[in-house]
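Work through the exercises below with the model on screen. Try each task before you read its solution.

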Protein chains: 2
Amino acid sequence: MHAFGRLTEVDVARRRLLSAARPVRRTETLPVTEAFGRVAAATIRAPFPVPSFARTTWDGYAVRSKDTTAVGPGHPVSLRIVGEVFAEQAYPGRLGAGETVAIATGGAIPAGADAVVIFEEVERTEGSIVVRRPIPPGDRISRPGHDFPRGSVLVRQGTELSATALGTLAACGVPTVAVYARPVVAVVPNGNELLVPGVPPRTGMIFESNNATIAAVVTAAGGIPRLSDPVPDDPAVIERAIRAALDSSDLVLATGGSSVGERDHLPRILPRLGTLLFHGVAVRAGKPTLAARVGDKLVVGLPGHPTSCLANMYWLLLPVLRKIARRAGPGFTEGWAVLGHDAMAPSPGLSTIVPLRFENGRAYSTFRGSSIITSLSGATAFAMLPPGRRVVRAGTRIRVYHLDPPLGTVRPE
Amino acid sequence: MHAFGRLTEVDVARRRLLSAARPVRRTETLPVTEAFGRVAAATIRAPFPVPSFARTTWDGYAVRSKDTTAVGPGHPVSLRIVGEVFAEQAYPGRLGAGETVAIATGGAIPAGADAVVIFEEVERTEGSIVVRRPIPPGDRISRPGHDFPRGSVLVRQGTELSATALGTLAACGVPTVAVYARPVVAVVPNGNELLVPGVPPRTGMIFESNNATIAAVVTAAGGIPRLSDPVPDDPAVIERAIRAALDSSDLVLATGGSSVGERDHLPRILPRLGTLLFHGVAVRAGKPTLAARVGDKLVVGLPGHPTSCLANMYWLLLPVLRKIARRAGPGFTEGWAVLGHDAMAPSPGLSTIVPLRFENGRAYSTFRGSSIITSLSGATAFAMLPPGRRVVRAGTRIRVYHLDPPLGTVRPE
């Protein structure tokens with residue numbers, strides 16, 4: 001076994017990966033009722049004015065405003081009810097002087113009418129209403145195109161489709177929306193020591209668990225995980241598996257075999273596939289990480305240790321996944337927090353990832369060791385302590401990255 | 001048309017709905033790689049101790065600690081390398097005095113060895129290593145059950161399955177997990193004026209858009225929306241549609257026809273189906289809302305106005321959806337904010353829902369009218385102004401409810 005060469009700083013590693021990542025270009029068309037959370041692949045404009053006709057915004061009576069001009073205290077006007085308009089109907093005639101039509105919210109304003117007076121403001125007698133104040137023209141009326149003129153932008157390309165955005169499309173008569181495909185992320189675990197969960201344990205073997213955690217992060221970032229069973233420590237087999245994964249995915253994540261031992265084959269395979277971006281990141285846990293650009297795609301080799309793998313999924317891969325999935329932002333929000341206890345930065349030359357939980361406004365590490373996956377249980381943020389410090393004291397104000405969603409929080413599939 | 005009877009206060013309406021809502025009881029079994037975000041339906045315990053054998057946590061050499069007891073400055077010890085253990089292997093022999101075995105991270109500790117010294121701490125010569133400090137027993141070794149003793153709780157029933165929870169299950173050899181089914185939420189729009197998006201506009205008609213917004217909120221809350229095309233204003237047809245929906249879902253949301261007009265049939269249908277919980281909520285927008293308990297299920301009639309419907313989906317239905325889906329919390333977080341401008345509470349007897357966006361630390365209403373769905377665009381929170389106030393002045397500190405996810409934020413499907 002040999003040592004790492006010069007390690008790549010965390011910011012440099014992330015920047016190289018991010019700048020090499022290509023947003024997905026495939027699109028698909030979905031009903032607006034099934035597009036929640038997807039990213040619009042085109043700008044959508046109103047195909048018609050909305051509303052497409054003058055309509056009332058209240059239940060009431062459509063009137064000619066000029067019939068009420070002279071109305072005042074002690075001088076009411078009586079208007080004869082000549083019809084009724086339910087929401088979906090158009091009044092067939094034209095409103096004459098002294099006439100009114102009962103109209104339900106959303107109903108089309110009859111020809112001749114130019115205002116609506118609401119039920120609560122009139123007295124209804126047999127066959128007529130009494131109006132006691134002047135009704136201004138346009139009152140309680142929504143004109144054609146009031147909400148959205150024809151051609152107005154409803155949704156911009158690149159927008160994440162929220163409930164209101166989708167409701168707006170539907171309300172404007174748009175039945176479907178073109179969205180970017182969810183990027184496919186292939187996961188290729190390697191290592192002779194890996195057992196697939198579901199069989200009895202065996203001495204020397206461990207259960208493969210990075211598939212499960214990577215699938216979760218990929219899903220949370222808007223991607224589709226495509227998992228595979230562990231591949232043995234055979235460089236030809238690993239290379240073949242990665243090449244096949246490249247053909248059928250937008251990003252390949254290989255787990256295990258990323259360090260500098262004899263059985264770590266990725267450092268020799270990745271340069272054969274494309275351009276190596278880095279091997280060895282100046283971070284703990286998670287140093288044995290490497291990445292290569294292969295055409296428009298990326299292959300990232302992640303450490304097999306579950307905590308190192310998952311920590312790297314968050315600080316390094318999440319922003320990359322989000323860029324490929326065309327999501328805004330890195331997936332975490334920067335902030336400050338006060339440490340609740342002394343934190344160790346045990347390796348002077350390395351940055352230290354500290355998973356954090358918050359209690360009474362202070363941040364506490366959840367780290368229990370890189371082999372123990374529960375090191376990240378309950379963490380909702382992380383800090384990246386800079387290299388060269390041994391102990392960061394309780395009470396120190398540190399930069400933290402709040403995960404959205406938090407590590408312990410979830411999204412439905 | 002007649003007036004509402006006594007309106008139900010917002011807190012009372014929500015409490016009645018919440019206390020009548022029954023968490024879903026159906027379960028399904030999923031691979032741990034596909035269960036992200038789901039809710040565990042059973043407590044899961046470690047089926048084996050993890051690790052199941054003593055293993056090294058570092059790359060290094062397995063040693064007998066007693067061989068190094070006398071070591072000190074100027075008194076190194078040389079140990080003969082008698083073999084090599086890759087991660088998946090078990091060393092066949094037993095380590096004798098003065099012997100060592102090279103061992104990769106995760107490798108099983110050979111019989112006789114009780115500590116590991118890491119590569120960086122020794123000098124390797126031809127066939128042996130030189131150790132210059134005493135190695136304490138147990139150093140760099142993870143004992144059987146160190147991470148999880150057999151039978152220890154890995155995931156508790158009712159827990160949302162995070163990346164770490166799923167990784168923990170996989171690492172302990174658990175291949176699948178029983179989760180609660182996502183509740184099915186049937187949506188039954190009614191109204192003769194409703195057009196399904198995709199056809200040309202027609203005078204008097206509007207495009208049905210509540211299906212799209214409700215589907216989004218239901219999805220965000222962990223449910224499965226089951227939508228239907230609009231049903232005409234025929235009480236028998238509406239009742240039949242609601243009864244059919246009750247048979248095939250966990251919750252029925254009927255939209256439109258919920259007010260007090262002649263064409264509002266829900267107030268007459270719901271009492272026939274079960275026990276009316278309320279009709280008319282003292283809130284603006286969203287007053288024409290009613291609900292009934294039908295056996296173990298709920299039918300809620302929501303106003304057809306898109307903004308009123310969606311606002312009620314958030315403040316009233318989201319907590320109910322989350323309870324049925326067995327999610328913790330109401331789906332929003334309480335906080336305080338300072339109003340950036342005067343806000344109107346126009347109806348003295350009604351609470352007022354104000355959708356809010358934040359800018360420079362102040363809260364601004366996004367409301368543009370209850371018929372305009374974009375009234376909620378960009379809102380990430382809402383306030384519920386109490387009844388009896390006319391204007392709430394800029395600079396006032398108000399209680400706000402931050403939506404998680406925000407109205408404008410999304411989750412992948």
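The exercises go from the whole assembly down to single residues.

Residues are numbered from 1 along each chain as its sequence is written, while chains are lettered from A and ligands numbered from 1 in the order in which they are written. The model is predicted: local features need pLDDT of at least 70, side-chain atom pairs count only at pLDDT 80 or more, and totals for chains, interfaces and linings use all residues.

**Exercise 1. Find the turn and the shift that lay chain A on chain B.**

Start with the general case. Two copies of a chain are related by a rotation about an axis and a shift along it.
Now superpose by least squares, on the C-alpha atoms of residues with pLDDT of at least 70 in both copies.
A turn of 180 degrees and a shift of 0.1 Å along the axis lay chain A on chain B, with an RMSD of 0.1 Å.
That is the relation of a two-fold axis.
The same surface serves both copies: 100% of the contact residues of chain A recur in chain B. Here two residues are in contact if their C-beta atoms, placed from the backbone, lie within 7 Å.

**Exercise 2. Describe the build of chain A: its helices and strands, and its radius of gyration.**

Count the elements. Chain A has 6 helices and 28 strands. These are DSSP runs, numbered from the N terminus: helices are H or I with at least four residues, strands are E with at least two.
Next, take the extent. The C-alpha trace spans about 100 × 50 × 40 Å along its principal axes.
Then compare with a globule. The radius of gyration of chain A is 32 Å, but a compact globule of 413 residues would have one near 22 Å. The radius is taken over C-alpha atoms, and the globule rule is 2.2 Å times the number of residues to the power 0.38.
Last, look at burial. Of the 413 residues, 55% count as buried. Buried means 20 or more other C-beta atoms within 10 Å of a residue's own, exposed means 12 or fewer, and partly exposed lies in between; C-beta atoms are placed from the backbone.

**Exercise 3. Determine how α3(A) and α2(B) pack.**

Locate the pair: α3 is residues 210-220 of chain A, and α2 is residues 163-171 of chain B.
Their axes lie 7 Å apart, at an angle of about 160 degrees. Axes are lines fitted to C-alpha atoms, for helices over the stretch in contact, and angles run from 0 to 180 degrees between N-to-C directions.
The two helices are therefore roughly antiparallel to each other. Angles under 35 degrees count as roughly parallel, over 145 as roughly antiparallel, 65 to 115 as roughly perpendicular and the rest as oblique.
Residues of α3(A) that meet α2(B) include A:Asn211 and A:Val217. Among their partners in α2(B) are B:Leu166 and B:Ala170.

**Exercise 4. Which residues does the cis peptide bond with omega about -5 degrees join, and where does B:Arg140 lie?**

Keep the usual case in mind. Most residues other than glycine have a negative phi, and most peptide bonds are trans.
The cis bond joins B:Val50 and B:Pro51. B:Pro51 sits in the loop between β2 (44-45) and β3 (55-56) of chain B.
B:Arg140 lies in the loop between β9 (128-131) and β10 (141-142) of chain B. Its phi is positive, about 65 degrees, although it is not a glycine.

**Exercise 5. Is A:Asn360 buried or exposed?**

A:Asn360 counts as exposed, with 6 C-beta neighbours inside 10 Å.
By contrast, B:Arg140 is buried, with 22 other C-beta atoms within 10 Å.
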